[in-house]
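This briefing introduces one protein chain for computational work. Please view the sequence and the structure together before reading the points below.

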Amino acid sequence: RRQPRRERDASRRDAPVHMIFDVAGNPIAAIANGTAQVVSSQPLTSCESDDEEAKEAMQCEEQGGWGSDDGGVLPLIPSLPPPKKSLSNAANAPPADEYRTWVEAVSYQVGNAAHEIRNALRYWASLVTTDSSSEASQRLLERFRKADNTSGKLEATMRALVGRVRNARNVSKPLERLLPQASRLLAQIRTDLDSLGGDTEGVAEQRGVINSLLARKDRYLAAITAAHSGGDRPPTRPSGLADGAPLPLPPPGVRVDFFSWGQAEEALLSKAGAVVASAEVIIGVARLACNAAHECQNLCVAPRGAAGTKAHATLKQLDNLAGQCENRARAIMVLAHRWHTTQRARPAEAIVKQANALQAAVSTGEGLALAAASCGEGGSQVPGAKLASVLARLGRLASVLATRRSAKPQARPAARCANCGYAVTGLAPQHCCKGCKKSPGQHGPKCRKELFVADGEIAKP
């Protein structure tokens, strides 16, 4: 049963009261029924602390301020020391000595060779997977994608190596970590390529190009590893080399510079300047665009003295955007070859769509490059002029690809279908259509059904 209110009030009045006193014997508070009440309003004259040093440092004043050394009161607006400078600045960056500069140059060449391998793989895949709907072609394409992905990882690893060599005080640490990783990726690329094949015309040429690029990367990585194992010292300077000139590359000494632009590139653009361009010219222009996007990624590597800054974070965004531009340019290369093979309008329309998307990406990239160079922290180390030049070149190439029509391929002599009397018209490499390829004599709706009369002649039924 609940206790009546009067009885509860009486029990509270009769409850014992506990008093709290200070060191002088004066009452401070009373505790009754678990509630504390202050019974003394005398101000506290000292701050209670078990630590004597803390008591002296935090001496309370009657004015409500914190005591200073001279007994006065600190001002309301204190004078603070200047903020600490970022550890990532040009003054704290390691020097660009001969060894670091040489490692950067060789690492860039390994990454550029990996980029060229990816270009060759895309074209190789378009040669051996003409019938993309078949299960065998899908499995083969998957192996090509795996090799392309591994080569892309090697690209990224070498760019990371350049950025760390530029900014690490101890240059041996990034080399110890990233060189074995690069060697493993290179071995994996060889393993992936062993599973690729095909006897289509042009495959032997692509395989030979890739093998030469792999051999070059092997030698360059071996040279960096040897210099690192020898105490992180640069190779011996040749006797005839001028003072101040950069060290030469290891044998074979082949340098791929995607930033340079010469007469060959201008000649190709002049061919593409016509209203109608052939598939070969379109592939060449798309490859130049792909190389320009790759060079943009090289320029986005952490600048010396700006790693971890706001400018570096903006460059990372531009790096990702340039990677997307690379993929779009390679897609245009594949679409141009597909259009050349099938003579259909759909691949040509897809080329224009990819080129328009490439133009939009370039516009965004120009804004990112300007923002990175304008950052107060690290912006002065950003290669703004080179980025602007490469992006302008990429925009020019994208504009050419978006406004030029594809020329009709040269007519090839007709061939007889392997399973019937119709002519081969491009729907399948050796058959009149895919339906006849799977089931001889059974033609699909896309089959042109053009009768084969004699070598180089066809006649419609």
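The following points cover the chain overall, then two arginine residues and their surroundings.

The model is predicted. The protein chain holds 461 residues, and buried residues account for 39% of them. Its secondary structure consists of 12 helices and 7 strands.

**Overall chain**
- The accessible surface of the protein chain amounts to about 26,600 Å², and carbon and sulfur atoms contribute 52% of that area.
- Of the contacts in the protein chain between residues at least 6 apart in sequence, 68% link residues at least 24 apart.

**Arg159 and its contacts**
- Arg159 lies in helix α4, which spans residues 135-167.
- Arg159 counts as buried because its relative accessibility is 11%, and buried means under 20%.
- Leaving aside residues up to four places away in sequence, Arg159 touches His294, Gln297, Asn298, Val301 and Asp319.
- One of these partners, Val301, is separated from Arg159 by 142 residues in sequence, yet the C-alpha to C-alpha distance between Arg159 and Val301 is 6.3 Å.

**Arg344 and the charged patch**
- Arg344 is found in the loop between α9 (310-342) and α10 (345-373).
- With a relative accessibility of 36%, Arg344 counts as partly exposed, since that class lies between the 20% limit for buried and the 50% limit for exposed.
- On the surface, Arg344 joins Arg346, Lys446 and Arg448 in a patch of positive charge.

Notes. Residues are numbered from 1 along each chain as its sequence is written. This is a predicted model: local features need pLDDT of at least 70, side-chain atom pairs count only at pLDDT 80 or more; totals for chains, interfaces and linings use all residues. Side-chain values use heavy atoms; hydrogens and water are left out. Patches are made of residues with over 30% relative accessible area and no salt bridge: like charges are joined within 9 Å, nonpolar side chains (Val, Leu, Ile, Met, Phe, Trp, Tyr) within 5 Å. Accessible areas come from the Shrake-Rupley method with a 1.4 Å probe; for residues, only the protein chains shown count as cover. A salt bridge is a side-chain nitrogen of Lys or Arg within 4 Å of a carboxyl oxygen of Asp or Glu. Lys and Arg count as positive and Asp and Glu as negative; His and the chain ends are not counted. The place of a charge is taken as NZ of Lys, CZ of Arg, CG of Asp or CD of Glu. Helices (H or I, at least four residues) and strands (E, at least two) are DSSP runs, numbered from the N terminus. Buried means under 20% relative accessible area, exposed over 50%, partly exposed in between (1.4 Å probe, protein chains only). Contact means heavy atoms within 4.5 Å.
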